[in-house]
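Work through the two exercises below with the model open. Each task is followed by a solution in steps.

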Amino acid sequence: MKEIATSRLTLTLGHLYPDQLNLYGDRGNILTLRQRCQRRGIELRVVGLGIGDALAPDEYDMLFIGGGQDKEQVPVAQDVFEMKGIGLWAAIEDDMPVLAVCGGYQLLAHYYRPASGPDMRGLGVFDAWTIHKGPRAPRCIGNVAIRWNGSTLVGFENHGGRTYLGTAKPLGKVLKGYGNNAEDRTEGAVYRNAYGTYLHGSLLPKNPHFADHLIELALRRTYRISDLPSEERNGSTQSSSKRLGVNEDEPAVTEQSQPEHQQEVPLQRLDDRLEWEAHASLLERMGLYTEAVAAWRAHNREEPL
Ligand code: GLN
């Protein structure tokens, strides 16, 4: 089946606070998104938005905010609330894909009560709140794995704050590690297409299915791809082109036959063996052997390492 050339597609990603919130290689998430777009001929433009910069949602197709130490979060919290709050809400309510990691995630919930100092008011996108249990309380540090949509996500966490969900839906269930609060086995939060998580590492290099999920959401929203059955949206193991509703025995969809904004955009399947090797070996290191084999098999249809 001839795939539609995606070379004319571009996506613009707004990277919030690249200088203040960039712990544990969070910038690696941007590099992964750019690289996975590039490998499909999609140009990902990245625009940094620092403190004092306004956020005009129409200029972006996706947003990313990383993690940081308490002292870096203080000025960011003020700026999120005073400078970028309205734009962020408008983007999120309009289903823009947003990835918020750790400190960034905490500031998209109601508030973060740090180990010392006043509460940092958050945006309240996620109905959740975060409390640091004090300077002597152990931090949540280490490798972490969660169940996400029939698959797994792996990463590294390091946070003092513990997040408690109100009505917010968790991103996943903890298989190994602390997650939101080391108590209720929830990890992260989801509101529309906004995803909060404690998974650093960075997250996306070892979780290509989640990276593709965010790219597909952005393509769907920006190019108004309308025929993808929603339940298939969240990173199931089927190949991208199939997930994008391209039926093998249907005649090849050519560009000319579809008006511009209704073009289907099959995401070309990439050779992710290295990524899944890293994913599976991290699961193994956490003693999650069944999940390691399942992840490897699901994405490589070959015997594990
Ligand atoms: N400073 C926050 C905490 O300790 C977030 C840490 C982070 O982004 N890694 O919980």
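The exercises deal with the ligand site and then with a sheet.

The model is predicted: local features need pLDDT of at least 70, side-chain atom pairs count only at pLDDT 80 or more, and totals for chains, interfaces and linings use all residues. Residues are numbered from 1 along each chain as its sequence is written, and side-chain values use heavy atoms, with hydrogens and water left out.

**Exercise 1.** Describe the shell around the ligand and its polar contacts.

Step 1. Collect the residues with a heavy atom within 4 Å of the ligand. There are 17, and the closest are Gly-68, Asp-70, Gln-73, Cys-102 and Gly-161.

Step 2. Look for polar contacts (pairs of N or O atoms within 3.5 Å). A polar side-chain atom of Asp-70 is 2.6 Å from a ligand nitrogen atom. Backbone N or O atoms of Gly-103 and of Gly-160 each lie 3.0 Å from an oxygen atom of the ligand.

Step 3. Check the cover. On its own the ligand has 290 Å² of accessible area (Shrake-Rupley, 1.4 Å probe), and the protein covers 99% of this area.

**Exercise 2.** Lay out the open sheet of four strands.

Step 1. Take strands as DSSP E runs of at least two residues, paired if DSSP finds at least two bridges between them. The order is β6-β5-β7-β10, with mixed pairing.

Step 2. Find the edges. β6 (120–121) and β10 (161–165) each have a single partner strand, so one side of each has no neighbour in the sheet.

Step 3. Inspect one pair. β5 (residues 111–113) and β6 run antiparallel, joined by two bridges. Tyr-112 stands opposite Met-120 in β6.

Definitions and conventions: A polar contact is a pair of N or O atoms within 3.5 Å; within protein, one must be able to donate a hydrogen and the other to accept it, and residues adjacent in sequence count only if both atoms are side-chain atoms.
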